[in-house]
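I opened this structure to look up where its open spaces lie and what lines them. Before that, I wanted to settle how one of its strands sits among its neighbours.

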Amino acid sequence: MVNKISIEDKVLFNKLGNLINNNFSNLFNLESIINLDYDYLLGYYENNLLVGFVHFSKMYETVDIVNIVVDESMRNKGIATKLLEEMLSSFDDVTNIMLEVNENNISAINFYKKNNFYIINKRNNYYGRDAALIMKRDV
């Protein structure tokens, strides 16, 4: 089930975040994100436990995905797709979705391509030596 993330989810939010960045809790403060006007957090819950989330911002007609992560034991079950669908259904004025992904994160790139994202640009050395692929989906 998909719901908004609350402060009670902080421990699991940070645990999931650490799957994508060991410094996650220092980079992304849950309380701050919840209080921002243009940032949103949707979580996927299994047995009332947070097992995945999408963090995104919306500015006018564009949604920028900041992070999307699913617990490793829950992957390949359609959870990330459900989070994307719920994100899209939250707004009726979105015309495109943007994101950046490490060029070596092949599973994420394949996931985004499967969900109608395409590469529009590349930022060399964005993640240290790795490039970031900028991907877009028209809605």
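Entry 1, strand 2. I asked how many residues of strand 2 are buried. In this predicted model, 6 of its 8 residues are buried, so I noted strand 2 as largely enclosed by the rest of the structure. For my own reading of that count I kept in mind that buried means under 20% relative accessible area.

Entry 2, partners of strand 2. I then looked up which strands pair with strand 2, and found that strand 1 runs antiparallel to strand 2 and is joined to it by 3 bridges. Within this pairing I noted Val2, whose bridge partner in strand 2 is Tyr44. With strand 3, which covers residues 49–59, strand 2 also pairs in the antiparallel sense, here over 8 bridges. Following that pairing to the hairpin, I found Glu46 standing opposite Leu49 of strand 3. The hairpin of strand 2 and strand 3 has 2 residues between the strands, and there I wrote down that Asn47 takes a positive phi near 55 degrees.

Entry 3, the second largest pocket. Staying with strand 2, I turned to the second largest pocket, which holds about 230 Å³ of space and is lined by 14 residues. Lys4, Asp39, Tyr40, Leu41 and Leu42 are the lining residues that lie nearest its centre. I listed strand 1 (2–4), helix 3 (30–35) and strand 2 (39–46) as the elements that give two or more residues to this lining, and strand 2 provides the largest share, with 4 residues. Sorted by class, the lining of the second largest pocket has 9 nonpolar, 2 polar and 3 charged residues.

Entry 4, the largest pocket. I next asked which residues lie nearest the centre of the largest pocket. They are Ile20, Ile68, Asn105, Ala108 and Tyr112, out of a lining of 34 residues, and the space in this pocket comes to about 1,100 Å³. The elements that give two or more residues to its lining are strand 4 (62–70), helix 4 (79–89), strand 5 (96–102), helix 5 (106–114) and strand 6 (118–127). Of these I marked strand 4, which makes the largest contribution, 7 residues. By class, I recorded 19 nonpolar, 9 polar and 6 charged residues in the lining of the largest pocket.

Definitions and conventions
Residues are numbered from 1 along each chain as its sequence is written. This is a predicted model: local features need pLDDT of at least 70, side-chain atom pairs count only at pLDDT 80 or more; totals for chains, interfaces and linings use all residues. Side-chain values use heavy atoms; hydrogens and water are left out. On a 1 Å grid over the protein atoms alone, a cavity is a set of points where a 1.4 Å probe fits but cannot get out, and a pocket is an open set with protein on both sides within 12 Å along at least five of seven lines; lining residues have an atom within 4 Å of a point. Grid points are joined across faces, edges and corners, and a volume is the space filled by probe spheres set on the points. Ala, Val, Leu, Ile, Met, Phe, Trp, Tyr, Cys and Pro count as nonpolar, Asp, Glu, Lys and Arg as charged, and the others, Gly among them, as polar. Buried means under 20% relative accessible area, exposed over 50%, partly exposed in between (1.4 Å probe, protein chains only). Two strands pair if DSSP finds at least two bridges between them.
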